[in-house]
Amino acid sequence: MEIFSFDLILQQLLYGILMGSVYVLMAVGFSLIWGIMDMLNFAHGEFFMLGAYFTYYFSQAMHIHPIIAVFIAFILVGVFSGLIFNLIIYPINKKPNWLTNTIIITLGVSICTQNLALQFFGERYKTLPKFIEYTVSFWGVNIGADRLVIMLIALLLLAGLWFFIQNTDIGISMQAVGQNTEAAQLIGLPIRTIYTATFVISGALAGAAGGLLAPVYSIYPTVGFMPLIMAFLVVILGGLGSIKGAVYAGFLLGIVESLAILYLSTAWKGVVVFALMIAVLSFKPTGLFGTRSE
Amino acid sequence: MKNKQILYYSILIFVLLLAPLFIRQQYIIHIMIMSIIVGVLSVSWNIVSGYLGVFTFGHPAFYGLGAYSSALLALHTGMSPWLTMLLAGLIAAVFSLLVALPTLRLRGPYVAVVSLSFMLILEQVCYNWTSLTKGPMGLAGIPELTNIRLPGFEIAFDGISRVPNYYVAVLILIVTMICMYAIVESRIGLQLEAIRDAEEAAAATGVKVTQTKIIIFFITSFFAGWIGGFYAHYIMLLTPGVFAFIIMASILTSTLIGGWGTLFGPLIGAFVLTILIDNLKNIGDIYHFFHGAFLIAMIFFMPKGIVISLRKALKLLSKVNQSH
């Protein structure tokens with residue numbers, strides 16, 4: 001096999017942009033929640049897992065078109081995420097030790113969700129057929145049409161997020177709260193609504209990421225761990241709390257990863273990811289694109 | 001006050017030492033050993049989280065790392081498990097620097113994020129490195145602790161009685177308790193609380209913040225690795241499941257039952273939790289769900305732990321009584 005061929009590299013590049021767009025979907029939500037409400041959501045991987053299972057369920061059991069199933073998963077996981085926030089996270093808002101308490105609560109949510117999924121869907125790995133069985137060929141590159149669909153939807157969602165944050169009242173208020181919560185409260189911004197919106201968006205994007213990747217990987221109750229770690233790495237690379245940074249870092253990571261796969265075995269992916277994390281924190285703790293001095 | 005505390009601890013240790021004389025059922029001894037394992041983890045974790053105020057997922061990682069290190073060393077080098085247990089502690093402590101050095105000098109949540117990644121990635125490595133760890137099949141045939149021969153009698157670790165293992169666990173617990181007590185009561189203990197309550201102020205008065213954090217991380221990880229090594233030689237079968245979220249949940253629950261920032265509350269918590277879980281196991285794997293729900297409920301209603309909440313309630317009650 002020719003390893004250095006231009007076609008292959010172009011193909012992996014495309015694949016990298018695809019993976020990158022999904023990583024960004026995962027990481028942006030995690031980063032938003034940290035940037036706006038100073039909390040870490042360790043249940044973020046479970047939103048990914050739920051999105052994958054919902055997509056599986058609606059397309060296989062209810063025979064809905066899988067792309068519409070992804071959309072349903074997007075909405076349902078968003079609602080779930082908003083409910084979790086309002087029922088068990090917002091009420092402890094005023095208590096001391098916010099960071100630690102929210103870590104423990106989201107860990108609890110993660111354990112509960114994983115075990116519910118285990119009860120409902122079982123331990124067996126579930127697989128979903130591709131969205132479209134068709135291969136697109138151009139310039140000597142062969143890429144599955146389903147992959148292009150995944151990339152397209154992911155990019156559309158990201159564009160939608162960008163529009164939302166830049167142009168709607170809630171989006172602009174979110175930025176304000178992220179910059180200074182007290183000041184935002186003083187001028188009368190509805191904190192609870194803004195927090196809820198952040199959580200709904202974050203959960204929905206993770207759910208969509210799970211749904212989109214469901215036909216690429218198998219689905220099982222702990223499937224959310226690796227995407228969660230990838231989101232960590234993206235967020236560390238891009239600078240914690242920075243959306244722009246997460247976007248750059250996500251695409252960079254996706255591309256680097258898909259090129260590295262040509263030369264490295266995937267079994268060691270986790271170790272490489274961890275080594276990168278340590279390296280970035282040791283030499284550039286604010287992230288490759290970040291300027292915040294935290 | 002201090003003498004009273006030491007008295008309580010001595011009574012506790014005394015009770016633990018005498019317990020096997022009155023307990024004949026091996027199963028109860030097993031539950032007590034498991035409680036002590038969770039107890040050692042929780043007590044040492046609580047020094048990092050409760051006293052230093054740094055939230056880490058490192059403990060389950062170092063526990064699992066210790067277990068695998070000790071088992072593999074004993075299997076492949078033929079060293080005595082007594083020695084490999086201690087080496088496992090050292091290995092865990094050295095690896096803790098990997099997490100500690102880049103993250104502890106930074107503000108914010110990096111420790112939690114990196115330590116959680118470390119735990120999940122170790123699990124992945126144990127799954128995938130099948131030539132070394134046998135992957136999901138589990139590492140079997142881990143040697144038991146070797147018998148101790150003293151003139152006149154012999155302590156046999158033969159799998160018939162669990163009592164010898166129990167005493168090893170109690171021994172590790174006692175060493176842990178003494179070390180943690182020494183840390184908390186020393187100058188370092190005050191420095192830890194100063195860092196937790198006001199890091200800048202502590203640094204301004206000359207506390208070497210990062211250095212202190214890293215030392216504490218190192219020491220507590222040693223105990224996590226050591227007890228992990230003991231677990232390996234006690235259970236004699238390891239699967240990548242030792243790096244589970246649920247171990248973190250157990251540590252957290254014990255600490256929440258016993259109380260944050262109290263030295264030995266988590267040990268009591270560990271006993272309560274292990275006994276509870278043992279009774280809940282009849283309902284099947286869904287008990288994990290209740291474990292998670294319990295964590296959420298604790299933070300919701302008694303974020304400082306049951307012991308501290310009870311103490312507060314009692315104080316309130318006595319005040320009400322006095323005013324009548």
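**Exercise 1. Work out how α2(A) and α8(A) are oriented to each other, and what they bring to their contact.**

Solution. α2(A) and α8(A) come out as oblique to each other. To see why, start with the geometry of this predicted model: the axes of α2 (residues 44–60) and α8 (residues 191–213) of chain A come within 6 Å and cross at roughly 50°. Roughly parallel would need an angle under 35 degrees, and roughly perpendicular starts at 65, so oblique is what's left.

Next, the hand: α2(A) goes past α8(A) in a right-handed crossing.

Then the residues. On the α2(A) side you'll find, among them, F47(A), F48(A), G51(A) and A52(A), and they meet a stretch of α8(A) that includes G203(A), A206(A), G207(A), G210(A) and G211(A). Sorted by class, that contact holds 10 nonpolar and seven polar residues, with no charged ones. Bear in mind that Gly is counted as polar here.

**Exercise 2. Do the same for α1(A) and α5(A): find the angle, the hand and the residue classes.**

Solution. First, the axes of α1 (residues 6–37) and α5 (residues 145–167) of chain A come within 9 Å, crossing at roughly 40°. That makes α1(A) and α5(A) oblique to each other. Their crossing is left-handed.

Now look at who touches whom: α1(A) offers residues including Y15(A), L18(A), V22(A) and L25(A), while α5(A) answers with residues including R147(A), I150(A), A154(A) and L158(A). The tally for this contact is 14 nonpolar, one polar and one charged.

**Exercise 3. Now hop over to chain B and classify the pair α2(B) and α7(B).**

Solution. Take the angle first: the axes of α2 (residues 26–51) and α7 (residues 163–185) of chain B cross at roughly 15° and come within 9 Å. α2(B) and α7(B) are therefore roughly parallel to each other, since the limit for that label is under 35 degrees. The hand of the crossing is left-handed.

The contact draws on I29(B), I33(B), I36(B) and V40(B), among others, from α2(B), and on Y166(B), V170(B), L173(B) and M177(B), among others, from α7(B). By class you get 19 nonpolar and four polar residues, and no charged ones.

**Exercise 4. Check whether the length of α4(A) agrees or disagrees with its residue count, then see what comes just after.**

Solution. With 24 residues at 1.5 Å a residue, α4(A) should span 34 Å. Its end C-alpha atoms are 33 Å apart, which agrees. Step just past the end of α4(A) and you hit G122(A), whose phi is positive at about 80°.

**Exercise 5. Describe the side of chain A that touches chain B.**

Solution. Begin with the counts: 36 residues of chain A are in contact with 37 of chain B. On the chain A side, α4 (98–121), α9 (225–238) and α11 (269–283) each supply at least two residues. α4(A) gives the most, with 16 residues. Broken down by class, this side of chain A has 25 nonpolar, nine polar and two charged residues.

**Exercise 6. Trace the pairing of β1(A) and β2(A), and find the residue with positive phi in their hairpin.**

Solution. β1 (residues 135–138) and β2 (residues 141–144) of chain A run antiparallel, joined by four bridges. F138(A) sits opposite V141(A) of β2(A). Two residues lie between the strands, and in this hairpin W139(A) has the positive phi, near 45°.

Notes. Residues numbered from 1 in each chain as written. Chains lettered and ligands numbered in written order. Predicted model: local features only at pLDDT ≥ 70, side-chain atom pairs only at ≥ 80, totals over all residues. Contact = placed C-beta atoms within 7 Å. Axes fitted to C-alpha atoms, helices over the stretch in contact; angles between N-to-C directions. Parallel < 35°, antiparallel > 145°, perpendicular 65-115°, else oblique. Left-handed = near helix turned anticlockwise from the far one by under 90°. Expected span 1.5 Å × (residues − 1). Pairing = 2+ DSSP bridges.
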